[in-house]
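Here are my notes for someone opening this entry for the first time. Please keep the structure in view while reading.

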Amino acid sequence: MRPSKRAADAMRDVTLERAVARYAEGSCLVTFGNTRVLCTASLEERGPPWLRGSGKGWVTAEYAMLPRATHERTRREVNSGKPSGRTQEIQRLIGRSLRAVTNLPALGERQITVDCDVIQADGGTRTASITGAWVALHDCFAWMRARSIISVDPLKDHVAAVSCGIYKGQPVLDLDYAEDSAAETDANFVVTGKGGIVEVQGTAEMEPFTDEQFLELLRLAKGGAAGLVELQRKAIA
């Protein structure tokens, strides 16, 4: 029995609330159970210097966890002078995931930065961030099209992410903190609306996992991601 009493293939309750930040071109408050992340997409009318003259734009991301998002207060990383290795890894993952479904030349020489700020953490903050970031990016592009800044939608597909793991010997979907902290295997899957795999991160915390277990985690992830994409479709309808 999972601590949340969910079935092995059951997600937590997921919500996607749009237009929650007044000044951002696109925004989304995403919840995966008790995990809450505010995603905002901001337009800059110039791209990164290394793309100057290419005619191509860029989508990047920043990730941060608020000091009291966890059980105990964590120090703001700005006070330490640089983001932690974990933070850098997660924000690069978010950026890669969004760029995988974006037609960058359609942006022109502009940059979109998606900020993902974790308000409350209960496992799965990176997967919630990617899922909500897509909605914020979609709305930023809609804002740009409404003002004739771009003529076509640069988004080629949806992208969503979900965690899976082996908890007490059983493959399960969408781990909360109670499961994540005790899982034998922890994995994150980034999947497009068409079912393509953008990235897989998987680690055996205790015993190595088998091919069969990995394929079961992949099956669970594909089902969970398909459900998240459907929620994205409903949210932007």
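1. Aromatic pairs. This is a predicted model. How many aromatic pairs does the count come to? With ring centres required to lie within 6.5 Å, the count is three aromatic pairs. W50 and W58 make one of them, with centres 4.8 Å apart and an angle of 80° between the planes. That pair is edge-to-face, because an angle over 60 degrees earns that label.

2. The two tryptophans. Is W50 buried or exposed? W50 has 57% relative accessibility, so it counts as exposed. W58 has 18% and therefore counts as buried. The cut-offs behind this are under 20% for buried and over 50% for exposed.

3. The phenylalanines. A second pair joins F209 and F214. Their ring centres are 6.5 Å apart and the planes meet at 20°, so this pair is stacked. F209 is partly exposed at 28% relative accessible area. F214 is also partly exposed, at 29%. Which residues form the aromatic cluster? F189 joins F209 and F214 in one aromatic cluster.

4. Overall fold. The protein has four helices and nine strands. Read from the N terminus, the order is β-β-β-β-α-β-α-β-β-α-β-β-α. The radius of gyration is 18 Å, close to the 18 Å that the globule rule gives for 237 residues, so the protein is as compact as a globular protein of that length. Along the principal axes, the C-alpha trace spans about 55 × 40 × 30 Å.

5. Inside and outside. What share of the 237 residues is buried? Buried residues make up 48%. The accessible surface comes to about 11,500 Å². Carbon and sulfur atoms hold 49% of that surface.

6. Contacts and charges. Take the contacts between residues at least 6 apart in sequence: 71% of them join residues at least 24 apart. The protein carries 30 positive and 30 negative charges. The mean positions of the two sets are 6 Å apart.

7. A69. Where is A69 found? A69 sits in the loop between strand 4 (58-65) and helix 1 (85-99). A69 is buried, with a relative accessible area of 4%. Leaving out residues up to four places away in sequence, A69 touches V118, I119, Q120 and A121. S163 is 94 residues from A69 along the chain, and their C-alpha atoms are separated by 19 Å.

8. T127. This residue belongs to helix 2. T127 has 2% relative accessibility, so it counts as buried. Which residues does T127 touch, not counting those up to four places away in sequence? They are F32, A161, V162, S163 and N188. S163 is also the residue whose C-alpha atom is 19 Å from that of A69.

9. D139. Helix 2 covers residues 125-146, and D139 lies in it. D139 is buried, with a relative accessible area of 10%. That is under 20%, so the buried label applies. Apart from neighbours within four places in sequence, D139 is in contact with R18, E25, G26, S27 and I236.

Terms used
Residues numbered from 1 in each chain as written. Predicted model: local features only at pLDDT ≥ 70, side-chain atom pairs only at ≥ 80, totals over all residues. Heavy atoms only, no water. Phe/Tyr/Trp six-rings, centres within 6.5 Å; stacked < 30°, edge-to-face > 60°. Buried < 20%, exposed > 50% of the residue type's maximum accessible area, 1.4 Å probe, protein only. Helix = DSSP H or I, 4+ residues; strand = E, 2+ residues; numbered from the N terminus. Contact = heavy atoms within 4.5 Å. Rg over C-alpha atoms; globule rule 2.2 N^0.38 Å. Areas by Shrake-Rupley, 256 points an atom, 1.4 Å probe, with all protein chains shown as cover. Lys, Arg positive; Asp, Glu negative; His and termini not counted. Charge placed at Lys NZ, Arg CZ, Asp CG, Glu CD.
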